[in-house]
Protein chains: 2
Amino acid sequence: MIDENPADARLDRAFMALADPVRREIIARLSRGPATVNELAEPFDISKQAVSKHIQVLEHAGLVTRSRDAQRRPVHLDAAALEALTAWIDGYRLIHEQQFRRLDSLLGSLTSTTES
Amino acid sequence: MIDENPADARLDRAFMALADPVRREIIARLSRGPATVNELAEPFDISKQAVSKHIQVLEHAGLVTRSRDAQRRPVHLDAAALEALTAWIDGYRLIHEQQFRRLDSLLGSLTSTTES
DNA sequence: TTGTTATTCAACCCTTTGCTTGATCAACTA
DNA sequence: TAGTTGATCAAGCAAAGGGTTGAATAACAA
């Protein structure tokens, strides 16, 4: 609990990155293809510097990568990183569904006992 | 951009709630069944008040619900809420995969042209 | 009633976030 | 070369997050 393992830190940053509507809109935009900082900033009422920081948060979380095209630094979505998040969530969703199935079978056996 | 729609606010809180390792461990514990605040606090080196706050964050995010049993307030995982998060993520993952498929078919047609 | 257990409220502290503006850097264009 | 465009750095500020301790509340047990 003193220090956090690297996998945990990655999840921290990734979930934190998605906990902001501006950053989620950026992800949404990037799902339709790469874009530059200026293009990404255009729809928002905040400064380009603020958007640049949001992109750095997404990059540090491993959710996007960047390339270079002259002065531009196009941003690309990394879909594999999103997959890691659904994997984490689904781990606990599945356990929960298994419990439902166990409950179902328990109820099933109770019913058959009652009906015998 | 001035005001956020309710669905966005829910996603904010849910992703934010999962961006903390203590809260993720609480989710993990709850996936094995309901637990009281004291039970949930036991593994951690922080005060019960701090854990109580974490649980309130999870509750406000709609990820857990609470019942009553005398002085105890058992916490239950709400798996449906987790599903809403994977749904959001998968929305963009799928778009991305469709683009890959489009690229694949493009490359395929180029190859067949070359091979003809 | 008195005491104990389970949980929350309240006030406070420190660190981090998200934003701003102004300056700087890097790479193109005239 | 000088000017412009694209993006980042830096300093500062208000608000929020996660933690603490001590007091309060609620429901049970003696």
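This note goes through a predicted model of two protein chains with two DNA strands, point by point.

1. Chain A, overall. The secondary structure of chain A consists of 5 helices and 2 strands, and these follow one another along the sequence in the pattern α-α-α-α-β-β-α. Of the 116 residues in chain A, 38% are buried. Among the contacts in chain A with a separation of 6 or more, 47% are made by residues 24 or more positions apart.

2. Helix 1 of chain A. This helix, residues 6-18, has 13 residues that should span 18 Å at 1.5 Å a residue, and the 19 Å between its end C-alpha atoms agrees with that. Its buried residues are A9(A), L11(A), D12(A), A14(A), F15(A), A17(A) and L18(A), and a reader going through them may wish to note that D12(A) is listed among them. At the start of the helix, a side-chain oxygen of N5(A) comes to within 2.8 Å of the backbone nitrogen of A7(A).

3. The surroundings of DNA strand D. There are 23 residues around DNA strand D, and the closest of them come from both chains, namely S52(A) and R66(A) from chain A, with Q49(B), K53(B) and H54(B) from chain B. Of the atoms of DNA strand D that come within 4 Å of the protein, 66% belong to sugar and phosphate. The residues of this surface divide into 5 nonpolar, 10 polar and 8 charged. Helix 3 (37-41) and helix 4 (48-60) of chain A, along with helix 4 (48-60) of chain B, each contribute at least two residues to the surface near DNA strand D.

4. Individual contacts to DNA strand D. For S52(A), a polar side-chain atom is placed 2.3 Å from a phosphate oxygen of DNA strand D. R73(A) also approaches a phosphate oxygen of this strand, but through a backbone N or O atom, at 3.2 Å. With Q71(A) the partner is a base oxygen of DNA strand D, which lies 3.3 Å from a polar atom of the side chain.

5. The surroundings of DNA strand C. Here 22 residues surround the strand, and the closest are Q49(A), K53(A) and H54(A) in chain A and S52(B) and R66(B) in chain B. Sugar and phosphate make up 67% of the atoms of DNA strand C that come within 4 Å of the protein. The residues of the surface near this strand comprise 4 nonpolar, 10 polar and 8 charged. Helix 4 of chain A, helix 3 of chain B and helix 4 of chain B each supply at least two residues of that surface.

6. Individual contacts to DNA strand C. Two serines have a side-chain N or O atom beside a phosphate oxygen of this strand: for S47(A) the distance is 2.8 Å, and for S52(B) the distance is 2.4 Å. The side chain of Q71(B) has an N or O atom 3.3 Å from a base oxygen of DNA strand C.

7. Helix 4 of chain B. The helix has 13 residues and reaches 18 Å from its first C-alpha to its last, close to the 18 Å expected at 1.5 Å a residue. Its buried residues are V51(B), H54(B), I55(B) and L58(B). Viewed down the helix axis, these buried residues fall within an arc of 100°, so they line one face of the helix. The elements that cover them include helix 1 (6-18), helix 2 (21-30), helix 3 (37-41), strand 1 (64-66) and strand 2 (75-77) of chain B. On the face turned away from the buried side are the exposed residues Q49(B), K53(B) and H60(B). Two of these, Q49(B) and K53(B), are also listed among the residues closest to DNA strand D, as is H54(B), which belongs to the buried set. Just after the helix, G62(B) takes a positive phi of about 80°.

8. K48(B). This lysine is found in helix 4 of chain B, and because its relative accessibility is 49%, K48(B) counts as partly exposed. Neighbours within four places in sequence aside, K48(B) is in contact with V37(B), N38(B) and A41(B). With N38(B) there is a polar contact of 2.7 Å between the two side chains. T65(B) lies 17 residues from K48(B) along the chain, and the C-alpha atoms of the two residues are separated by 18 Å.

Conventions: Residues are numbered from 1 along each chain as its sequence is written. Chains are lettered from A and ligands numbered from 1 in the order in which they are written. This is a predicted model: local features need pLDDT of at least 70, side-chain atom pairs count only at pLDDT 80 or more; totals for chains, interfaces and linings use all residues. Side-chain values use heavy atoms; hydrogens and water are left out. A residue is near a molecule or strand if one of its heavy atoms lies within 4 Å of it. A polar contact is a pair of N or O atoms within 3.5 Å; within protein, one must be able to donate a hydrogen and the other to accept it, and residues adjacent in sequence count only if both atoms are side-chain atoms. Helices (H or I, at least four residues) and strands (E, at least two) are DSSP runs, numbered from the N terminus. Ala, Val, Leu, Ile, Met, Phe, Trp, Tyr, Cys and Pro count as nonpolar, Asp, Glu, Lys and Arg as charged, and the others, Gly among them, as polar. The expected span of a helix is 1.5 Å times one less than its number of residues. Buried means under 20% relative accessible area, exposed over 50%, partly exposed in between (1.4 Å probe, protein chains only). The arc is that of the directions from the helix axis to the C-beta atoms. Contact means heavy atoms within 4.5 Å.
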